[in-house]
Amino acid sequence: MTGDLLLSVRGAGKQFMQGNRLRWACRDVSFDLYPGEVLAVVGESGSGKSTLLRLLAARLGLDAGSVHYDVRGEAGADGGPGRSAAGLVDLAQLSEARLRWLSRTDWGFVEQHARDGLRMNVSGGANIGERMMALGARHYGKLRSEALSWMERVELETDRIDDLPGSYSGGMQQRLQIARNLVTHPRLVFMDEPTTGLDVSVQARLLDLVRELVNQLQLAAVIVTHDLAVARLLAHRMLVMKDGCVVEQGLTDRVLDDPQHPYTQLLVSSVLTP
Amino acid sequence: MDTNYNFGFLDERTKKMIRRAILKAVAIPGYQVPFGAREMPFAYGWGTGGVQVTASIIGRHDVLKVIDQGADDTTNAVNIRRFFARTTGVATTEKTAAASIIQTRHRIPEAALTEAQTLVYQVPMPEPLFRLEPRRAETITMHALAEYGLMNVKLYEDIAQLGAISKTYDYPVLVNERYLTSPSPIPKFDNPKMHMNPALQLFGAGREKRIYAIPPYTAVRSLDFEDHPFEVQRWKHACALCGADDSFLDEMIVDDAGSRLFVCSDSDFCSERREAGYVGTQQAVHMPDVIAPTPTPTPTAAKGMA
């Protein structure tokens, strides 16, 4: 956790129209993220966690505040905004082409439902190769060997490379989705409830894999979850959200062992222990 | 000429609108220009797009040739040729070299085209990405940003599943190294002819309401992989009528015992060669079913059949 800031969020907010009234789905969120750091966003459903994640990934436009990201020094496809090549850049200032390029190369997005993040009508190998082909890889043999090596890394059987993702189990689909995102060596990965809907042993294996990959690749990650155990296992820091606002943030162990806000206390005390 | 109709069936304002779309299409090679396609006295799928393009560019001194699958004498070709003969009164021909406008479905003539000619394609689906990305708004963005990795995902999938790129017609091309374009359902055999062709190539899609163009001498590249390069079909046989071994051949099954006749799909090319004295074998080739060989019938079964 050294070096410069990777992501800096200041007063971020988003409002939606509900009936005839505007309602803040998420409001006044501020935090910093450093390279290699894992941040968990926890809270009950409807608290604005997923909206926040979509704001950070520039899938939704901000209604308030700003998100700055440390764009890697490389000219954009369109020649790029030259001076933004280094340092923190306001995502709202980037062109759509540049944002799409970012989300294809420097970011990953792991969806809660693997079906939303995968191309279900092409094989696992093609799913892993898609980002590389989008960046101009045009050598079938190399694409294939890269796909095989990523399948090994995420513990998928390599003889399933030509099978459609629909024939994979839920846990395998989730691992395929992770491989598909990591193939371009992103620096920041967004995960939206990556383990929800998986049974406990598969969940444990997936968490283990994510923790290992995050360590190996020095990934920064923002993980949205309602499961405090996931946060405890993976995250360095956490953000507790309620009704669209951040009620508490700090080091994971500090927040979980010594919760300050009444809502966090409630959350921590309502975890079942077998 | 039937004077109850305006010249070329369409009214002058419509033709002007379509010409404007054509100009834009020529200015941006491979880009799909939307236009207000009209109802034509044809069913969709019978070349309404191509007919509207031809009707807009045709003049009294043009000579029109219409081909369908390479032949001048198929239903679609005969219909459209008669339609233009009636509504414009222009001269029609079956000779590729004599035509100034060639409207085509599914083929490019074998004979080389010249700068004085215009090739009009009938296009069923102008969007090459439509099977991969169903959202129209998304494909427009992909074209705008030249994000064509998805097309290679499809080609990758073909090689992974079938060992080779299985697309044999409507094989996607990159026009002028910029726009991914559907060449309309011509066989991939014809793709190399589009590259640097001296003739103007116009594409009309009536149902989808799009016009696009490949101007003369424009680079057209078929997509492929470095280690699986683009290749055209080749036949082991020559045309049975004219003996040509470098043309696109139709395979006709002439009996139920495995005899196939290979003949040129371009009927004008074939007849011109025959007039010039070239002769083929005049024989069907015996090819027992190569895909699933049928077991030879036992003598008793043969007797039972008789």
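1. Buried area is the accessible area that two parts lose on being put together, summed over both. Keep that in mind for the two chains here, which come from a predicted model. Chain A and chain B bury about 1900 Å² between them, and 56% of that area is on carbon and sulfur atoms.

2. Who takes part in this contact? Chain B supplies 22 residues, and chain A supplies 22 residues too. The rule also finds three salt bridges across the interface of the two chains. If you'd like to look one up, try R100(A) and E147(B): their side chains meet in a salt bridge, with 2.7 Å from N to O.

3. Now for a pair of helices, one from each chain. The axes of helix α4 of chain A (residues 124–134) and helix α5 of chain B (residues 149–162) come within 8 Å. They cross at roughly 145°, and the crossing of α4(A) past α5(B) is right-handed. On the α4(A) side, the contact is made by G125(A), A126(A), E130(A), M133(A) and A134(A). On the α5(B) side you'll find G149(B), L150(B), N152(B), V153(B), Y156(B) and E157(B). Sorted by class, the contact of these two helices has six nonpolar, three polar and two charged residues.

4. Have a look at backbone angles next. Most residues other than glycine have a negative phi. In chain B, F9(B) goes the other way: its phi is positive, near 70°. F9(B) sits in the segment before α1 (12–27) of chain B. With a relative accessible area of 23%, F9(B) is partly exposed, because the buried class is kept for values under 20%.

5. K209(B) is another one to check. This residue is not a glycine, yet its phi is positive, about 60°. You can find K209(B) in the loop between β8 (200–205) and β9 (210–214) of chain B. K209(B) has a relative accessible area of 31%, so it counts as partly exposed.

6. Last stop: S66(A), in strand β4 (residues 64–70) of chain A. Is S66(A) buried or exposed? It's buried, because its relative accessible area is 15% and the cut-off for buried is under 20%. Leaving aside residues up to four places away in sequence, S66(A) touches S8(A), V9(A), R10(A) and D90(A). As for V41(A), that residue and S66(A) are 25 residues apart in sequence, and 18 Å apart in space from C-alpha to C-alpha.

Terms used: Residues are numbered from 1 along each chain as its sequence is written. Chains are lettered from A and ligands numbered from 1 in the order in which they are written. This is a predicted model: local features need pLDDT of at least 70, side-chain atom pairs count only at pLDDT 80 or more; totals for chains, interfaces and linings use all residues. Side-chain values use heavy atoms; hydrogens and water are left out. Helices (H or I, at least four residues) and strands (E, at least two) are DSSP runs, numbered from the N terminus. Buried means under 20% relative accessible area, exposed over 50%, partly exposed in between (1.4 Å probe, protein chains only). Axes are lines fitted to C-alpha atoms, for helices over the stretch in contact, and angles run from 0 to 180 degrees between N-to-C directions. A crossing is left-handed if the near helix is turned anticlockwise from the far one by less than a right angle, and right-handed if clockwise. Contact means heavy atoms within 4.5 Å. Ala, Val, Leu, Ile, Met, Phe, Trp, Tyr, Cys and Pro count as nonpolar, Asp, Glu, Lys and Arg as charged, and the others, Gly among them, as polar. Buried area is the accessible area (1.4 Å probe) that two parts lose on being put together, summed over both. A salt bridge is a side-chain nitrogen of Lys or Arg within 4 Å of a carboxyl oxygen of Asp or Glu.
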